[in-house]
Amino acid sequence: MPDATVVGSGPNGLAAALVRARAGLEVEVAEAVPTVGGGARSEPFEGMPELSFDFGSAVHPFVPKSEFFRRWEATARVPYLTPHISFAHPLDGGRAALAYRNLKDTTEGLPAGDRRLA
């Protein structure tokens, strides 16, 4: 019987499990799907296996910058992909704003009238 059970193996669940395990507790992590990562996991896109798709994720750009995950060496332990474009957001008129890894590229990709938002 574990000392603690953590439900979910996303970033928060894994962090909770690690803190408890480091405190000497026996920890069990329960996850509904066969792979860890919860909503932060990426999987091949159906019909296009060369592409990775975040099925339940938003954007997790701060994992490499998080003090907790740096100390745990998360990016060395768990495959962590950093895409050139983090996400896209739909705009009026069938357009989309692309969020690049840096503000300059993101701003330059916006229509002139939308650049004031960046």
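Contact means heavy atoms within 4.5 Å. This is a predicted model, where local features need pLDDT of at least 70, side-chain atom pairs count only at pLDDT 80 or more, and totals for chains, interfaces and linings use all residues. Residues are numbered from 1 along each chain as its sequence is written, and side-chain values use heavy atoms, with hydrogens and water left out.

**Exercise 1. Serine 9**

Task: Place serine 9, state whether it is buried or exposed, and list its contacts.

Solution:
- Serine 9 sits in the loop between β1 and α1. Helices (H or I, at least four residues) and strands (E, at least two) are DSSP runs, numbered from the N terminus.
- Serine 9 counts as buried because its relative accessibility is 1%. Buried means under 20% relative accessible area, exposed over 50%, partly exposed in between (1.4 Å probe, protein chains only).
- Set aside residues up to four places away in sequence. Serine 9 then touches Leu14, Val29, Ala30, Glu31, Thr35, Val36, Gly37 and Gly38.

**Exercise 2. The fold and the core**

Task: Give the order of helices and strands, then find the largest nonpolar core.

Solution:
- Count the elements: four helices and six strands.
- Along the sequence they run β-α-β-β-β-α-α-β-β-α.
- Of the chain's 118 residues, 18% count as buried.
- A nonpolar core is a set of buried Ala, Val, Leu, Ile, Met, Phe, Trp, Tyr and Cys residues joined through side-chain atoms within 4.5 Å.
- The largest such core has six residues: Ala15, Leu18, Val63, Phe69, Trp72 and Ala74.
- Phenylalanine 69 touches Pro11, Ala15, Val63 and Ala74, leaving out residues up to four places away in sequence.
- In soluble globular proteins, nonpolar side chains tend to be buried together.

**Exercise 3. Two exposed residues**

Task: Why do aspartate 3 and arginine 22 count as exposed? Then trace what each one touches.

Solution:
- Aspartate 3 lies in the segment before β1 (4-7). Aspartate 3 counts as exposed because its relative accessibility is 52%.
- Beyond its neighbours within four places in sequence, aspartate 3 contacts Leu25 and Glu26.
- A polar atom of the aspartate 3 side chain lies 2.8 Å from the backbone nitrogen of glutamate 26.
- C-alpha to C-alpha, aspartate 3 is 8.9 Å from arginine 20, at 17 residues apart in sequence.
- Arginine 22 belongs to helix α1 (residues 11-22). Arginine 22 counts as exposed because its relative accessibility is 55%.
- Arginine 22 touches Arg71 and Trp72, not counting residues up to four places away in sequence.

**Exercise 4. The cavity and threonine 106**

Task: Describe the largest cavity and its lining, then examine threonine 106.

Solution:
- On a 1 Å grid over the protein atoms alone, a cavity is a set of points where a 1.4 Å probe fits but cannot get out; lining residues have an atom within 4 Å of a point. A volume is the space filled by probe spheres set on the points.
- The structure holds one cavity of 30 Å³ or more. The largest cavity has a volume of about 40 Å³.
- Its lining consists of Ala96, Ala97, Leu98, Tyr100, Thr106, Gly109 and Leu110.
- Strand β6 (residues 96-100) gives the largest share of that lining, four residues.
- Threonine 106 lies in helix α4 (residues 103-108). Threonine 106 is buried because its relative accessible area is 15%.
- Its side chain reaches the backbone oxygen of asparagine 102 at 3.0 Å.
- Not counting residues up to four places away in sequence, threonine 106 touches Leu98, Ala99 and Tyr100.

Technical notes. On a 1 Å grid over the protein atoms alone, a cavity is a set of points where a 1.4 Å probe fits but cannot get out, and a pocket is an open set with protein on both sides within 12 Å along at least five of seven lines; lining residues have an atom within 4 Å of a point. A polar contact is a pair of N or O atoms within 3.5 Å; within protein, one must be able to donate a hydrogen and the other to accept it, and residues adjacent in sequence count only if both atoms are side-chain atoms.
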